[in-house]
Amino acid sequence: MSDKTRVEMALTRLDAAIVGLSQSIDKRQTRDLSVKAMQDDLQRMTRERSDLTGSLEKEKARAEKLEGANEEVSRRLGAAMESVRAVLDRHGG
C-alpha cells in the first residue's frame with residue numbers, strides 16, 4: 001500500500017470521525033436545550049402552582065365568610081318568621 005493510499009485512508013477516517021463528532025455535538029446541544037426548556041417549564045409551573053394555591057386559600061376564606069354570613073341571615077330570618085307568627089297568633093291572624 002502506497003503512502004498516498006494510507007494518507008487518503010487516514011483522511012477518510014478523520015473525516016468520518018469529524019462527522020461523528022459533529023453529530024454528537026448537535027445531539028448534545030439539542031438535549032441540553034430540551035433539558036433547559038423542561039427546567040424552565042418546571043419553574044413556571046411551580047410559580048403557577050404557588051399562585052393558584054394562594055388564590056385557592058383566598059377563595060376558601062371568602063367561602064367560609066360567606067357561609068357564616070349565610071348562616072347568620074338564615075338564623076335572623078327564622079327568628080323574624082317566629083316573631084311574625086307570634087304576632088299573628090296574638091292578633092288572631
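A salt bridge here is a side-chain nitrogen of Lys or Arg within 4 Å of a carboxyl oxygen of Asp or Glu. Welcome to the close-up views of this predicted model, in which local features need pLDDT of at least 70, side-chain atom pairs count only at pLDDT 80 or more, and totals for chains, interfaces and linings use all residues. Residues are numbered from 1 along each chain as its sequence is written, and side-chain values use heavy atoms, with hydrogens and water left out.

**View 1. Glu-82 and Arg-85 meet in a salt bridge.** From N to O, the two side chains are 2.8 Å apart. Glu-82 and Arg-85 are 3 residues apart in helix α1, so about one helical turn separates them. (Helices are DSSP runs of H or I with at least four residues, strands are runs of E with at least two, and both are numbered from the N terminus.) Are these two residues buried, exposed or partly exposed? Glu-82 is partly exposed because its relative accessible area is 46%, and Arg-85 is partly exposed too, at 43%. (Buried means under 20% relative accessible area, exposed over 50%, and partly exposed in between, with a 1.4 Å probe and protein chains only.) Elsewhere, salt bridges with shared partners link Asp-41, Arg-44 and Glu-48 into one network.

**View 2. Arg-75 pairs with Glu-72.** The closest N and O atoms of this salt bridge lie 2.5 Å apart. Both residues belong to helix α1, where 3 residues, about one turn of the helix, separate them. Arg-75 has 49% relative accessibility and so counts as partly exposed; Glu-72, at 30%, is partly exposed as well. A helpful rule to keep in mind: an α-helix has 3.6 residues a turn, so residues three or four places apart point the same way.

**View 3. Asp-32 pairs with Arg-28.** In this salt bridge, the closest N and O atoms are 3.1 Å apart. The partners sit 4 residues apart in helix α1, about one turn of the helix. Asp-32 is partly exposed at 38% relative accessibility, and Arg-28 is partly exposed at 48%. How many salt bridges does a search of the whole structure find? The search finds 9.

**View 4. Val-7, Leu-11, Leu-14 and Ile-18 form a nonpolar surface patch.** Together they offer about 360 Å² of accessible area, calculated by the Shrake-Rupley method with a 1.4 Å probe, and for residues only the protein chains shown count as cover. Patches are made of residues with over 30% relative accessible area and no salt bridge; like charges are joined within 9 Å and nonpolar side chains (Val, Leu, Ile, Met, Phe, Trp, Tyr) within 5 Å. Leu-11 lies in helix α1 and is partly exposed, with a relative accessible area of 46%. Leu-14 is also placed in helix α1, and its relative accessible area of 45% makes it partly exposed.

**View 5. Glu-57, Glu-64, Glu-67 and Glu-71 form a negative surface patch.** Asp and Glu count as negative and Lys and Arg as positive, while His and the chain ends are not counted. The place of a charge is taken as NZ of Lys, CZ of Arg, CG of Asp or CD of Glu. Glu-67 is part of helix α1, which covers residues 3-90, and is partly exposed at 48% relative accessibility. How far is Glu-67 from Leu-14, C-alpha to C-alpha? They are 78 Å apart, with their positions 53 residues apart along the chain.
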